[in-house]
Amino acid sequence: MEKFPSLTASRLYAMVRERGYRGLPTHFRHLVALHRPRKPAEAFLRLRTLPGEQGQVDWAHFGHIEIGNARRPLMAFVMVLSYSRDIYLRFFLDARMENFLRGHVGAFNTWCGLPRVLLYDNLKSAVLERQGDAIRFHPTLLAFAGFYRFEPRPVAVARGNEKGRVERAIRHIREAFFIARKFTDLDDLNAQAEQWCRNQAADRPCPEDRTMTVRQAFAQEQPLLLPLPANPYPVEEQVAAKVGKTPYVRFDLNDYSVPHAHVRRTLSVRADLGLVRVFDGAKMIASHRRSYDRDQQIEDPQHLKALVAIKREARQHRGLNSLTRAVPACQTLMIRAAERGSNIGAITNALLKLLDLYGAQELQAAVEEALHAGASHSRSVRDVLERRRVARGAPPPVETSLPEHVRRKDTTVRPHRLDSYDQLTLGGKDDE
């Protein structure tokens with residue numbers, strides 16, 4: 001074990017079994033533990049800080065929370081003032097950078113100030129890369145620190161004792177606040193956390209000086225905190241979202257409606273904790289309440305109403321164009337129907353069905369006869385068609401429903417004049 005300190009007890013047991021040892025593995029493991037070299041115990045200095053000098057920050061995982069069909073992590077943002085040990089606690093549904101900064105802003109506003117130095121563990125929201133003493137901070141955190149004028153400082157790797165104040169605060173939160181806690185939703189939990197921080201947690205003895213409470217220590221520390229800027233730091237989630245064929249943008253597991261004129265485009269989504277806004281450039285085109293459920297469609301009724309109206313109008317125009325091309329007399333019929341205030345869409349649909357049943361030539365004759373009699377409704381045209389069919393002794397037409405691709409095969413194609421192709425040859429000879 002002196003030569004190979006990392007040699008495991010199971011490997012040693014296999015070696016001694018080859019040499020004739022017949023003892024049990026548990027007894028042998030106990031013997032190895034007695035003789036294995038141990039590292040000397042490390043002593044730590046008690047770290048003391050001045051009022052307003054330092055704060056410590058960390059995330060803590062508190063299981064998951066069910067919201068509709070979504071199962072989201074319950075993350076606690078914890079910030080502690082190193083001198084007074086005053087705790088700021090707020091729960092979020094993820095540990096993304098935006099919520100990380102929202103936790104900072106909430107703590108600064110609660111304390112009406114901030115410490116000069118904030119200690120972080122080596123989490124990705126603070127440190128992107130570390131090689132020895134060379135540290136690459138997250139650029140968003142650096143911009144945030146520059147706005148509030150504090151120094152972000154990460155602790156050494158595997159040296160959790162350097163931020164022991166926030167670690168002990170998290171343990172205290174688990175034992176004194178969260179265990180056996182009942183809450184209806186995230187807002188209710190955060191309201192209870194705020195009340196606990198300002199009452200029970202603030203009335204506990206201050207570890208730096210047991211003769212006063214955390215509340216009294218914070219009263220001494222607060223005047224020494226850095227003042228807040230005049231304007232708060234804007235914290236919004238901002239992502240680019242591509243709109244497909246349907247007028248919705250996808251954001252955080254849900255779909256949000258946009259005006260139909262913005263389909264097939266890339267838009268910008270900006271969201272805070274309660275509101276999702278959609279922008280086309282600098283113009284806001286939609287605003288919705290934020291949903292933390294999963295696979296939901298959050299819709300503005302006006303967006304869908306406008307889409308339905310334009311679809312109905314387009315459908316009506318397509319049908320009317322097809323009808324007037326096949327039966328020119330229908331154009332005059334439609335003009336008279338519009339003058340009388342009739343439903344053009346209903347008349348168009350009725351005449352299209354008659355066109356399929358009787359054909360264009362017969363419908364043209366029936367419409368002309370109806371117009372000559374002063375009628376301008378599809379019922380009059382149908383009556384004329386039926387009278388003409390009976391006069392001919394023809395059987396009643398049977399409606400057949402064919403698929404669209406079959407119906408397209410019967411589309412009339414207007415042939416080109418063949419002599420137009422000769423112009424290509426003549427033009428080539430002229431060029432020569």
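Axes are lines fitted to C-alpha atoms, and the angle between two of them runs from 0 to 180 degrees, taken between N-to-C directions. With this in mind, helix α6 (residues 186–198) lies across β2 and β3 and runs at about 175° to β3. The model described here is a predicted one. This briefing covers a five-stranded sheet, a buried aspartate in one of its strands, and two pairs of packed helices.

**The sheet**

- Five strands make up an open sheet with mixed pairing, and their order is β3-β2-β1-β4-β7.
- The edge positions are taken by β3 (87–92) and β7 (151–154); each has a single partner strand, so one side of each is left without a neighbour in the sheet.
- From one strand to the next, the twist averages 25°.

**How the strands pair**

- Eleven bridges connect strand β1 (residues 54–67) with strand β2 (residues 70–81), and the pairing is antiparallel.
- Glutamate 66 faces a residue of β2, standing opposite arginine 71.
- β1 and β4 run parallel and are joined by four bridges.
- Glutamine 54 has valine 117 of β4 opposite it.
- β4 and β7 also run parallel, and four bridges join them.
- Tyrosine 120 stands opposite proline 154, which belongs to β7.

**Burial within the sheet**

- Strand β4 (residues 117–120) is covered on both faces: Val117 and Leu119 are buried on one side, and Leu118 and Tyr120 are buried on the other.
- Aspartate 58 is located in strand β1.
- The relative accessible area of aspartate 58 is 9%, which means that this residue counts as buried, because the cut-off for burial is under 20%.
- Leaving aside residues up to four places away in sequence, aspartate 58 touches Ala76, Phe77, Val78, Asp121, Lys163, Val166, Glu167 and Ile170.

**Helices α1 and α2**

- Helix α1 (residues 9–18) contains arginine 17.
- Arginine 17 has a relative accessible area of 38% and is therefore partly exposed.
- Arginine 17 touches Arg22 and Gly23, when residues up to four places away in sequence are not counted.
- α1 packs against helix α2 (residues 25–35) at an angle of about 115°, and the two axes are 10 Å apart.
- Because of this angle, α1 is roughly perpendicular to α2.
- α1 and α2 cross in a right-handed manner.
- On the α1 side, the contact is made by Ala9, Leu12, Tyr13 and Val16, and on the α2 side by Pro25, Phe28, Arg29 and Val32.
- Sorted by class, the contact of α1 with α2 comprises seven nonpolar residues, one charged residue and no polar residues.

**Helices α9 and α10**

- Helix α9 (residues 329–339) and helix α10 (residues 344–358) have axes that come within 10 Å and cross at roughly 150°.
- The angle makes α9 roughly antiparallel to α10, because angles over 145 degrees are counted in that way.
- The crossing of α9 past α10 is right-handed.
- Cys330, Leu333, Met334, Ala337 and Ala338 of α9 make the contact with Ile344, Ile347, Thr348 and Leu351 of α10.
- By class, this contact of α9 with α10 includes eight nonpolar residues and one polar residue, with no charged residues.

Technical notes: Residues are numbered from 1 along each chain as its sequence is written. This is a predicted model: local features need pLDDT of at least 70, side-chain atom pairs count only at pLDDT 80 or more; totals for chains, interfaces and linings use all residues. Side-chain values use heavy atoms; hydrogens and water are left out. Angles under 35 degrees count as roughly parallel, over 145 as roughly antiparallel, 65 to 115 as roughly perpendicular and the rest as oblique. A crossing is left-handed if the near helix is turned anticlockwise from the far one by less than a right angle, and right-handed if clockwise. Contact means heavy atoms within 4.5 Å. Ala, Val, Leu, Ile, Met, Phe, Trp, Tyr, Cys and Pro count as nonpolar, Asp, Glu, Lys and Arg as charged, and the others, Gly among them, as polar. Two strands pair if DSSP finds at least two bridges between them. Buried means under 20% relative accessible area, exposed over 50%, partly exposed in between (1.4 Å probe, protein chains only).
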